[in-house]
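Visitor: Please take me through one part of this model at close range. Start at a single residue, then work outward.

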Amino acid sequence: MKLLLDSTRCQGYGLCQEPSPELIDLDEWGYARVRAAEVPSGGEDAAEAAVAACPNSALRLVK
Amino acid sequence: MTGVISLLPEGRHGLLVPPLGRSEDLDSYLAVGGYAPLVAPQRLLDRIAALGLRGRGGAGFPAAVKLRAVRAAPGPRVVVANGEEGEPGSVKDRWLLRHRPHVVLDGLRLAAAMTGAERGFVYLSDAPAERAVRRALAECAPELRIDVVRTEHTYVAGEESAVVRRINGGPALPTAKPPRPFESGVGGAPTLVANVETLARVAAMYSRPDAADPVAGSHLVTVSGPGGGAALVEVPAGTHLKVLADLSGHGRADAVLLGGLFGGLYGEGWADLPLGHDSLNAVGGALGCGALHFLGPEDCPVAVAVEAAAYLGAQSARQCGVCVSGTGALARALSAVAHGEAGYDTVEKLHRWSRQLPGRGACGLLDAAARIGATLLDRFPDQVDAHRGSGCPACSDAASEDGRRFAVPVP
Ligand code: SF4
Ligand code: SF4
């Protein structure tokens, strides 16, 4: 499973990072950076939580 | 004046016919074996794979892999000749369209046959190129339905997802991937977006099977440098950059900006670098679209980096927050270095951004800007240091954002 960020949609709200800090960190301007596109096993719930948290639908999961 | 020079061995078939002052007409193109009927598309595709033809738009992706991906996709398919040359220092695509439109259209028709596409587009922004292509289509339209789509010229308008978006009626701006055009492109159909030089090489490989190997392995390169000496050159892969510099009057260069603005700066040792995607990738550079800009002894690499970063920042399509913030921060930091106002923390930030920014925008513009910063710091530490606390005359002129330094007139 891959966690993908559409950087044209990311507004830097930072809400995705709160539930899933192990998958996402924020840069100095607040934009999300996916640590590794491939979601590590056991990280599926966190990935889904990150996707759900983004108010701008910038994140998606691809099987 | 930009020269047009072939460095291919005597008698070898290339794409640069002597500039005619007009566009090659149908009869001349037929006389060199153009538009020969394609009986076995699969065999041509296998040949392209075997000879390892790489795409000439910038990324150097194997042409056969792209062709096969579109061929394998279900439903109607589309092929696009991409002639929108974003790099200000490159002229090859516009030269080909203006002077040899038939070789590009021939390549497009062969690509359609290989992929099974029934619809083709020529995508460009250059008005003389558009006139030449329309004239060529009026002379001889291949069996394929071909539309010409004109776009506004910007740095990113030729990026393949921007091409698809524009042809679909939207703005010429990149989109997030996946999907890539070969999965979902024009009208949602699997789409091959191929650079015009790539298509011209496909056509030349087909019309001159005996010369297919060298055709696949040669490059159109635009060389430029201080004082305006510039040339469009066709060279075999592996040619040392020194040869190209000498040819265009830049043999005394101290450094070179590789791949248009995409491959970063290279100093000491540049002369022995062999031209090629893999050889330049191996040293942390990139061939990109094949544009090389030499820096003379009077040029300051810091000033060049500032202008390149300012231009890229101004050309950011401002879609991705990280690109707007990142290119802006890079340009400001480099400008601080140029004006002797940068502390160690600025240099540290530049190092950090060069690691953290690549790959984060929807297209490669941010990566290009980050690589300019990184290669300046890595390869010119003494020049960067020398700017600290004192003004550099070459840097004191305010950096222009218009990319003037890098622009080359089309011959
Ligand atoms: S919540 Fe969405 S918009 Fe905000 S930083 Fe995360 S991905 Fe970007
Ligand atoms: S990375 Fe920059 S130039 Fe590329 S699409 Fe995003 S904003 Fe536009």
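Guide: Start with B:Gly361, which is buried because its relative accessible area of 17% falls under the 20% cut-off. Keep in mind that this is a predicted model. B:Gly361 sits in the loop between H14 and H15 of chain B. Which residues does B:Gly361 contact, leaving aside neighbours within four places in sequence? From chain B come B:Cys320, B:Val322 and B:Leu366, and from chain A comes A:Ser7. Along the chain, B:Gly361 and B:Glu159 are 202 residues apart. In space, their C-alpha atoms are separated by 13 Å.

Go on to H15(B), which covers residues 365-379. The helix has 15 residues and reaches 21 Å from first C-alpha to last. That is close to the 21 Å expected at 1.5 Å a residue. H15(B) is mostly covered, with eleven of its 15 residues buried. Among them are B:Leu365, B:Leu366, B:Ala368, B:Ala369 and B:Ala370. Further along the helix, the buried residues include B:Ile372, B:Gly373, B:Ala374, B:Thr375, B:Leu376 and B:Leu377. What do the buried residues of H15(B) pack against? Two strands of chain B take part, E8 (255-257) and E9 (265-266). So do helices H12 (301-315), H13, H14 and H16 (381-386) of chain B. Recall that B:Leu366, one of the buried residues of H15(B), is also a contact of B:Gly361.

Now H13. B:Ser325 lies in this helix, residues 321-338 of chain B. Buried or exposed, where does B:Ser325 fall? B:Ser325 has a relative accessible area of 17%, so it counts as buried. Its contacts, leaving aside neighbours within four places in sequence, are A:Trp29 and A:Tyr31. Both names carry the letter of chain A, so look at the interface next.

The contact takes 18 residues from chain B and twelve residues from chain A. About 1,200 Å² is buried between the two chains. Carbon and sulfur atoms give 52% of that area. Across the interface there are two salt bridges. One of the interface links to inspect is B:Arg360 with A:Asp27, a salt bridge at 2.9 Å, N to O. Seven residue pairs are in polar contact between chain B and chain A, both residues at pLDDT 80 or more. H13 and helix H14 (344-356) of chain B each supply at least two residues of the side that touches chain A. The largest share, five residues, comes from H13(B). By type, the residues on this side of chain B divide into nine nonpolar, six polar and three charged.

Within chain A, A:Arg33 forms a salt bridge with A:Asp25. The closest N and O atoms of that pair are 2.8 Å apart. A:Asp25 is at 12% relative accessibility, so it counts as buried.

Next, the wider set of salt bridges. How many does the structure hold over all chains? The total is 28. In chain B, the side chains of B:Arg54 and B:Asp278 meet at 3.0 Å, N to O. This pair links distant parts of the chain, 224 residues apart. B:Arg54 is in the loop between helix H2 (41-51) and helix H3 (63-72), and B:Asp278 is in helix H11 (residues 277-282). B:Arg54 is partly exposed, with a relative accessible area of 22%.

Return to B:Glu159, the residue set against B:Gly361 above. B:Glu159 forms a salt bridge with B:Lys177, the closest N and O atoms being 2.8 Å apart. B:Glu159 lies in the loop between strand E4 (145-150) and helix H7 (160-167), and B:Lys177 in the loop between H7 and strand E5 (191-195), so the pair ties together parts 18 residues apart in sequence. Elsewhere, salt bridges that share partners join B:Arg56, B:Lys92, B:Asp93, B:Glu197, B:Arg201 and B:Glu234 into one network.

Finish with a strand. B:Val221 lies in E6 of chain B, residues 218-224. B:Val221 is buried because its relative accessibility is 1%. Leaving aside neighbours within four places in sequence, its contacts include B:Ala231, B:Leu232, B:Val233 and B:Val235. B:Leu244, B:Leu275, B:Gly290 and B:Leu292 are also in contact with B:Val221. From B:Val221 to B:Ala305, the C-alpha atoms are 21 Å apart, with the two positions 84 residues apart in sequence terms.

Methods: Residues are numbered from 1 along each chain as its sequence is written. Chains are lettered from A and ligands numbered from 1 in the order in which they are written. This is a predicted model: local features need pLDDT of at least 70, side-chain atom pairs count only at pLDDT 80 or more; totals for chains, interfaces and linings use all residues. Side-chain values use heavy atoms; hydrogens and water are left out. Helices (H or I, at least four residues) and strands (E, at least two) are DSSP runs, numbered from the N terminus. Buried means under 20% relative accessible area, exposed over 50%, partly exposed in between (1.4 Å probe, protein chains only). Contact means heavy atoms within 4.5 Å. Buried area is the accessible area (1.4 Å probe) that two parts lose on being put together, summed over both. A salt bridge is a side-chain nitrogen of Lys or Arg within 4 Å of a carboxyl oxygen of Asp or Glu. A polar contact is a pair of N or O atoms within 3.5 Å; within protein, one must be able to donate a hydrogen and the other to accept it, and residues adjacent in sequence count only if both atoms are side-chain atoms. Ala, Val, Leu, Ile, Met, Phe, Trp, Tyr, Cys and Pro count as nonpolar, Asp, Glu, Lys and Arg as charged, and the others, Gly among them, as polar. The expected span of a helix is 1.5 Å times one less than its number of residues.
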